[in-house]
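Hello,

Here is the structure I said I would pass on to you. Please have a look through it first, and then read my notes underneath.

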Amino acid sequence: MSIPISLTVNGKAVQASVDPRTLLVQLIREHLQLTGTHVGCDTAQCGACTVHMNGRAVKACSMLAVQAQGASITTIEGLSQDGTMHPMQAAFRECHGLQCGFCTPGMVMSAVQLLADNPKASEAEIREGLEGNICRCTGYHNIVKAIQFCQSGAQPAAA
Amino acid sequence: MTDMSQPPNNPIGQSLRRREDARFLTGAGQYTDDVVLPGQTYGVFLRSPYAHARIKSIDTSKAKAMPGVVAIFTGADMTGVGGLPCGWLITSKDGTPMKEPPHPVLAQGKARHVGDQVALVVADTYLQARDAAEAIEVDYEELTPVIDMSSAETIGSAVHDDVPNNVCYDWGHGDKAAVDAAFAKAAHVTSLTFHNNRLVPNAMEPRAANAHYTRHDDAYTLYLANQNPHVERLLMCAFVLGIPESKMRVIAPDVGGGFGSKIFLYAEETALIWASKRVGRPIKWTAERSESFLTDAHGRDHATTAELAMDAQGNFLAMRVKTLANMGAYLSTFASSVPTILYATLLAGQYKTPAIYCEVKAIFTNTTPVDAYRGAGRPEATYVVERLVETAARDMKMDPAQIRRQNFITTFPYATPVGLTYDTGDYAAHLDKAIKIADVAGFPARKAASAAKGKLRGLGYSCYIEACGLAPSNIAGALGARAGLFEAGEVRVHPTGTVTVFTGSHSHGQGHETTFAQVVAAKLGLPVENVEIVHGDTGRIPFGMGTYGSRSLSVGGTAIIKAVDKIIAKGKKIAAHLLEASDTDIDFENGEFKVKGTDKKLPFGAVALTAYVPHNYPLDKLEPGLNENAFYDPTNFTYPAGSYVCEVEVDPETGKTTVASFVAVDDFGNIVNPMIVSGQVHGGIAQGLGQAMMEGAVYDSGSGQLLNGSYMDYTMPRADDLPSFTVDHTVTPCTHNPLGVKGCGEAGAIGSPPAFINALTDALGVKDIAMPATAERVWRAANKIA
């Protein structure tokens, strides 16, 4: 049995027919070949699968694809506009907020949400706001710096 | 020493932003699970639910009939296929070689840990493979699991039938008689007994493989989340499957962290390659996180008693260490070397302790195999040394900085009593700097302020040393290594003057595409953008050993520099011809070949073009082209060292410990990209604090089940568990590689656990507290509740 679903992903209308147990992240990665969204833990703990659904950060590994019926999804691929990085993406590069890159898409999607909710977040609030995303490489130090850099509105020195 | 040319905008020492970041930040990275091949099938492993069980029968008939199932393989299908090899032979004190029981690709008759692979299901889709795996019927006869190392010799149950006492080896290192004599005359002996907790590496990208056999060329391609694709290929082809290496290409594309866990040859990819020929289609497997917990090689797990003998003034006379090291159920690729060669040899630390003896007994248990994890033996050694030294200072009522200072090695080169020769260092320099940055002088006031709030505050030091760039090959071979320890680099100059560098080192987060380009651009006087770095593909790079042990820049970078030197030497000959001079009169600097004492010169690009369009060229004396490779085998280890100061605040009512500040001053020798180096230190400290504060695999001693096998149960540091770190450096350049670099990848994970525990025990006023120092343990210690 498969279920037809239609939704919008990165501004484009998408129609698919999926096994009912298909996860949203499987739809994104395997049906739509948007492999920037990653699976790190299968249990909604690490946040590598974070995408935006109707403007809210959600963990795509713990949602069924059919739950996204009619929704508007933004993945990391949809965050940059016309080949220009979103300021949060640029800030991560500027501040070395990533190493292996695997947690990065989810981390960036969460960080964008974090500042949307609380533009003047303190360091403690930023750290608390990142609770749902695990990075094993950076020790978070430069991720926090990147979010603060983005918060400041400064422009990266490097191209 | 090679002379480093210094162009006006020398990229060495600059925090260039990373070129790999654009793809990672936009979702364009390509990790193994992102690769989908034509005709793709999916593999799922059926795993043992028991820690120790005889497999009486396996019935796959029902599963084979399920929709989409392509094939199911069990150990019975793989009889005649070799087992996974171990890369380092350790010889016991009595002269006998370590026990190397078979490590089958799929279980043969017995399952030896929870998660041991029993069958491989291949199906058209992942979900079909999973469904079929659940329909396989296995009749197990449970056996007594061997879980606890201390009772493994007497429990009367054998992980491997041919190793009845479960002892892999019983090894000793150092001068036992000299140590015993020194202890006999010591004024004071400080001793500690502790467990260096078992860690699960938890690279964020789970292990994954995609194995593809192609009939037209009778060859295999393996996409693999891996740190050293040539080692993988060699071990799998030559020692297990009997496939010519020329028929196998291993590609480790973007790899989402490794920390050691992706060095090893694992059963999964071996089974997939073997099966891919049988099914004639590519097979992809990606570990679920619970599989990673059960099958990625774990780290640490030492039970140790350590003693330090001193004279009445606190001068170290001797150290004696006895360790039980858990090997898990099978010998993983480099498991045997970790608690021996990479551990006992580091027990001198930064100190001139004249006599050291270490005994290590390696034990098989019905748990996941244990192997190298960030630091590999060196964190365990540093924990022994730095916990002992701090405790000794307390025993002797001495300042912990002073007892270190008076025992520091101060003259170099220095031959330790455990077999290493440190080439250079200045330990007082980084200790002094760390003390200053950490404002140790202000600690009493901060402690009083904490006390006024009802909090306990403590300060702890750690002065670590590590040995990186494991080498040289011939000496390692004499110590039991079954592999070379060199690195390879190839520099291919294109006709237009741009350069592609092929390196045997592998980057899985370290930023080599940026750092290595900086090094080559500096040498050749080129813009960094003109240098491209290629790694991680045996079909493109020369045979290299990959990345582990903080070796990439010191060993891999040196191989590249040697190849660049050959490029420059050949370029001089070409330039000499074009400029009608003798090649001995040609200098190369800032990207230009110049005739000494004249204004005649040629840019690098003109020489490159001439090499490939050799119209005006000495064809009778010189081959066309500008393409050189080099292999570099180091003459010694490098010895990064540093001083860490950790300050903690404890809430005795809850047991919550806050890292109030963490200062790391490292001597990594020269630094190519300070931004990347600091990032490595941050990450290392976070993993070390994870070990000290919250991480630790917990096995049920009765059943052998891993009790915390998911991110719901196994605690790792999150952003709000950690402070911002203060990272600084001192520099004594390495004396035996041209860059003067030492390696920075593991330092943080090595130095931070003892710094934290030293601070915490200081705060609590206790001699010791077990890692991980969870809130419960801290609360019990603070309130003196057993």
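Below is what turned up on domains and contacts, going from one chain to the other and then to where the chains meet.

One thing to keep in mind from the start: this is a predicted model.

**Chain A**

The domain assignment splits chain A in two, with domain 1 running over 3–78 and domain 2 over 87–152. Taken over C-alpha atoms, the centres of these domains of chain A are 21 Å apart. Where they meet, domain 1 of chain A puts 15 residues in contact with 12 residues of domain 2 of chain A.

Which strands of chain A should you look at on the domain 1 side of this contact? Strand 3 (50–53) and strand 4 (56–59) of chain A each bring at least two residues to it. Strand 3 of chain A gives the most, with 3 residues. Sorted by class, that side of domain 1 of chain A holds 8 polar, 6 nonpolar and 1 charged residues.

**Chain B**

Chain B also comes with a domain 1 and a domain 2, each written as two segments: 21–28 and 486–632 for domain 1, and 302–471 and 636–782 for domain 2. Here the centres, again over C-alpha atoms, are separated by 39 Å. The contact between them draws 16 residues from domain 1 of chain B and 20 residues from domain 2 of chain B.

On the domain 1 side, the elements of chain B that give two or more residues are helix 13 (512–524) and helix 14 (552–578). Helix 14 of chain B gives the most, with 6 residues. By class, this side of domain 1 of chain B has 10 polar, 5 nonpolar and 1 charged residues.

**Where the two chains meet**

How many residues of each chain take part in the contact between chain A and chain B? There are 41 from chain B and 46 from chain A. On the chain B side, helix 1 (21–25) and helix 16 (674–693) each supply at least two residues. The largest share of that side comes from helix 16 of chain B, with 7 residues. As for its make-up, the side of chain B that touches chain A has 18 nonpolar, 13 polar and 10 charged residues.

If you want a place to begin in the viewer, try helix 16 of chain B, given its largest share of the chain B side that touches chain A. After that, strand 3 of chain A is the one that gives the most to the domain 1 side of the contact within chain A.

Enjoy looking around, and best wishes!

Notes:
Residues are numbered from 1 along each chain as its sequence is written. Chains are lettered from A and ligands numbered from 1 in the order in which they are written. This is a predicted model: local features need pLDDT of at least 70, side-chain atom pairs count only at pLDDT 80 or more; totals for chains, interfaces and linings use all residues. Domain bounds come from an automatic or database domain assignment. Two residues are in contact if their C-beta atoms, placed from the backbone, lie within 7 Å. Helices (H or I, at least four residues) and strands (E, at least two) are DSSP runs, numbered from the N terminus. Ala, Val, Leu, Ile, Met, Phe, Trp, Tyr, Cys and Pro count as nonpolar, Asp, Glu, Lys and Arg as charged, and the others, Gly among them, as polar.
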